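Please study the sequence and the model shown here, and then work through the exercises in order.

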Amino acid sequence: MGKLNVTLCGIELDNPVIPASGTFGYGYEFAELYDINCLGTFSFKGTTKDPRYGNPLPRIAECSAGMINAVGLQNPGVEKVISEELPKLKQCFAKPVMANVSGFSVEDYAYTCEKLDREEQVGWLEVNVSCPNVHGGGMSFGTSPEAAAEVTRAVKAVTKKPVLIKLSPNVTDIVSIAKACEEAGADGISLINTLLGMRIDLRTRKPIIANTMGGFSGPAIFPVAVRMVYQVAHAVKIPVVGMGGVSTAEDVIEMMLAGATAVEVGAANLVNPYVCRDIIRDLPEVMAKYRIDNLSEIIGGVK
């Protein structure tokens with residue numbers, strides 16, 4: 001059987017498959033369905049300094065090749081994540097986990113990351129400067145190189161663990177933002193977050209989502225994600241975690257050929273809760289089909 005293991009920012013993963021933040025909760029719900037220790041790791045639900053209810057309902061709109069969500073970073077806040085969620089997570093997941101962090105100011109990001117950096121089970125900090133569903137924060141930090149770099153520097157100043165900056169596709173030049181994060185000290189780049197989308201109810205002639213717009217995800221965005229992963233991976237020297245519309249083992253390999261060291265699976269978890277387990281199960285057969293002996297050797301294989 002081919003080798004599935006990869007190394008992400010100095011930490012070895014048994015395989016490159018990572019459920020994306022916001023689609024896997026804190027893991028223990030999925031642990032009731034299968035042994036989630038088969039995963040490379042997972043990125044837990046986006047965490048902010050203070051508790052958030054999120055955006056008003058309705059928050060979800062279906063699309064023909066994906067979905068739009070505007071949940072708005074609903075979470076109990078970093079203090080309760082540490083005191084309540086992480087202990088439960090530890091009961092069902094024995095590997096280092098990825099902590100996804102959002103904020104509404106540079107100080108928010110630094111505060112939350114410093115808290116989570118102290119937690120033994122946290123292996124990486126995935127800093128989300130790309131959420132399109134909140135006002136006064138989120139994506140606003142990820143649309144300019146200067147703002148993204150400022151967050152990166154602030155987080156790196158108070159943490160010791162690897163920091164991955166999660167970038168928005170809703171920009172003109174994603175490469176310049178990725179390079180600014182690298183220069184500011186980022187250990188890796190995660191991309192892409194959701195595209196900005198909208199649906200209208202023809203009967204009411206009003207937006208389906210109360211927030212009007214939200215994050216568009218699912219299979220339709222996969223080619224955009226592959227393109228951006230390719231562009232960024234060939235422009236920076238730090239590892240890239242690719243995501244966006246991934247739902248099969250073939251998608252994982254395509255992302256890795258584009259330059260991803262590891263691959264996150266998002267919306268597909270909401271359609272099939274077993275999808276990450278199934279992708280890991282299918283990888284050896286797909287690797288054999290395409291004569292791949294070692295996944296680490298194909299990273300960035302397309303020049």
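The exercises below treat one strand with its partners, one buried serine and one pocket.

This is a predicted model, in which local features need pLDDT of at least 70 and side-chain atom pairs count only at pLDDT 80 or more, while totals for chains, interfaces and linings use all residues. Residues are numbered from 1 along each chain as its sequence is written, and side-chain values use heavy atoms, with hydrogens and water left out.

**Exercise 1.** Determine which way the side chains of strand β8 point, and which strands pair with β8.

*Solution.* Helices (H or I, at least four residues) and strands (E, at least two) are DSSP runs, numbered from the N terminus.

Step 1. In a regular strand the side chains alternate between the two faces of the sheet. In β8 (residues 163–166), Val163 and Ile165 point one way, and Leu164 and Lys166 point the other way. All four are buried, that is, under 20% relative accessible area (exposed is over 50%, partly exposed in between; 1.4 Å probe, protein chains only).

Step 2. Two strands pair if DSSP finds at least two bridges between them. Strand β7 (residues 122–128) runs parallel to β8 and is joined to it by four bridges; Asn128 has Lys166 as its bridge partner.

Step 3. Strand β9 (residues 188–191) is also parallel to β8, over three bridges, and Ile165 is partnered by Ile189.

**Exercise 2.** Describe the surroundings of Ser217: is Ser217 buried or exposed?

*Solution.* Step 1. Ser217 belongs to strand β13 (residues 214–217). Because its relative accessible area is 12%, Ser217 is buried.

Step 2. β13 pairs in the antiparallel sense with β5 over three bridges, where Met67 and Ser217 are bridge partners. Strand β10 (residues 195–197) also pairs with β13 in the antiparallel sense, over three bridges, and Leu196 has Gly215 as its partner.

Step 3. Beyond four places in sequence, Ser217 is in contact (heavy atoms within 4.5 Å) with Ala65, Gly66, Met67, Thr194 and Ala267. The C-alpha atoms of Ser217 and Ile68 are 6.4 Å apart, although 149 residues separate them along the chain.

**Exercise 3.** State how many residues line the largest pocket, and which lie nearest its centre.

*Solution.* Step 1. On a 1 Å grid over the protein atoms alone, a pocket is an open set of points where a 1.4 Å probe fits, with protein on both sides within 12 Å along at least five of seven lines; lining residues have an atom within 4 Å of a point.

Step 2. The lining holds 41 residues, and Ser21, Thr23, Asn69, Thr194 and Ser217 lie nearest the centre.
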